[in-house]
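This report describes one protein chain for a reader who is new to structural analysis. Please examine the sequence and the structure before reading on.

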Amino acid sequence: MRFKRFINVFMVLVMSLSLISLTACKKDEDAAAELAEYTGILTKIRLGMPMTKIIGMQNNGTQLNYENDTTLWCVEKDTDIMEIKTLLPEEAMFYYVDDSFVTYYFQTKKGETDLFLNGYAEEVYCLLDRKIGEEYFLNKAKALRDFHKAEGVGSMTGTEGIDLELVTEMKYDCPSYTVTFKMVETFDTIEDVEGYYVTYYSIEVMEKTNKVSTSVAGVTTAKEE
């Protein structure tokens with residue numbers, strides 16, 4: 001079974017809502033901006049692209065796998081959240097960042113026989129110091145808010161000190177799509193230090209079924225439903 005489907009059964013639920021309050025976050029604006037400067041393959045794809053085009057855009061050496069008729073996935077080093085590798089200490093004996101996974105979701109359109117992209121997700125399994133991992137989550141949440149021009153709504157699952165896994169999500173509601181940024185913290189013992197460690201991140205972009213009308217240069221244009 002591939003690593004993408006290995007989610008440790010002992011991973012549990014989320015930290016306090018105050019940890020992800022963007023209004024309380026006082027991180028440096030430049031740090032958030034730097035996190036938004038990703039220029040890899042996921043900046044080149046667009047929702048609505050045909051499957052054949054997505055396949056043709058892949059980097060050399062990237063092997064796409066069919067999960068089913070409408071879903072492709074691959075191991076991909078060139079993703080946005082692979083920037084977390086810069087958070088690893090120089091002597092990272094226990095901390096690590098695995099290669100990321102990208103999943104592409106497709107659907108047919110009315111009157112069409114081809115498949116078109118209606119969503120994609122990037123995810124990475126890792127082991128990071130809790131403070132460093134949470135700071136990254138807050139900075140990245142701010143960068144995503146600024147990039148997508150949408151306020152994030154936070155949610156969390158789990159109780160610290162009771163659950164082994166804490167799951168935190170920020171969701172951004174855009175006119176034609178939604179973005180979900182997720183972090184998982186797992187209770188473990190590393191180097192004889194017992195506590196929560198960041199073990200997973202993901203960013204998912206999904207097209208809305210019913211899109212919101214937007215105004216451009218004084219002309220209101222209804223997006224297709």
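## The largest pocket and its surroundings

In this predicted model, the largest pocket has a volume of about 560 Å³. Its lining comprises 21 residues, and those closest to the centre of the pocket are Leu42, Thr43, Tyr120, Phe147 and His148. Sorted by class, the lining of the largest pocket contains 15 nonpolar, two polar and four charged residues.

Several elements contribute to this lining. At least two residues each come from β5 (115-128), α3 (130-148), β8 (177-190) and β9 (193-207). Helix α3 provides the largest share of the lining, namely five residues.

## The chain as a whole

The protein chain contains three helices and 11 strands. Followed along the sequence, these elements appear in the pattern α-α-β-β-β-β-β-α-β-β-β-β-β-β. The protein chain has 225 residues, of which 44% count as buried. Among the contacts in the protein chain with a separation of 6 or more, 64% are between residues 24 or more positions apart.

## A hairpin

Strand β1 (residues 65-68) and strand β2 (residues 71-76) run antiparallel and are joined by three bridges. The connection between β1 and β2 is a hairpin through two residues. Asn68 has Thr71 in β2 as its bridge partner.

## Salt bridges

How many salt bridges does the structure hold? There are eight salt bridges in the structure. The table presents three of them, with the distance from N to O.

| Residue with N | Residue with O | Distance, N to O |
|---|---|---|
| Arg130 | Glu185 | 2.9 Å |
| Arg145 | Asp146 | 3.1 Å |
| Lys208 | Asp173 | 2.4 Å |

The salt bridge between the side chains of Arg130 and Glu185 links distant parts of the chain, with Arg130 in helix α3, Glu185 in strand β8, and their positions 55 residues apart. Both Arg130 and Glu185 are buried. These two residues also belong to a network of salt bridges that links Arg130, Glu134, Glu160 and Glu185.

In the salt bridge between Asp146 and Arg145, how does each residue rank, buried, partly exposed or exposed? Residues count as buried under 20% relative accessible area and as exposed over 50%, with partly exposed in between. Asp146 therefore counts as partly exposed, because its relative accessibility is 39%. Arg145 is buried, because its relative accessible area is 19%.

The side chains of Lys208 and Asp173 also meet in a salt bridge, at 2.4 Å from N to O. Lys208 lies in the loop between β9 and β10 (214-216), whereas Asp173 lies in strand β7 (residues 165-173), so this pair ties together parts that are 35 residues apart in sequence. Under the cut-offs given above, Lys208 counts as buried because its relative accessibility is 17%. Asp173 is exposed, because its relative accessible area is 53%. This salt bridge thus has one buried partner, Lys208, and one exposed partner, Asp173.

Conventions
Residues are numbered from 1 along each chain as its sequence is written. This is a predicted model: local features need pLDDT of at least 70, side-chain atom pairs count only at pLDDT 80 or more; totals for chains, interfaces and linings use all residues. Side-chain values use heavy atoms; hydrogens and water are left out. On a 1 Å grid over the protein atoms alone, a cavity is a set of points where a 1.4 Å probe fits but cannot get out, and a pocket is an open set with protein on both sides within 12 Å along at least five of seven lines; lining residues have an atom within 4 Å of a point. Grid points are joined across faces, edges and corners, and a volume is the space filled by probe spheres set on the points. Helices (H or I, at least four residues) and strands (E, at least two) are DSSP runs, numbered from the N terminus. Ala, Val, Leu, Ile, Met, Phe, Trp, Tyr, Cys and Pro count as nonpolar, Asp, Glu, Lys and Arg as charged, and the others, Gly among them, as polar. Two strands pair if DSSP finds at least two bridges between them. A salt bridge is a side-chain nitrogen of Lys or Arg within 4 Å of a carboxyl oxygen of Asp or Glu. Buried means under 20% relative accessible area, exposed over 50%, partly exposed in between (1.4 Å probe, protein chains only). Contact means heavy atoms within 4.5 Å.
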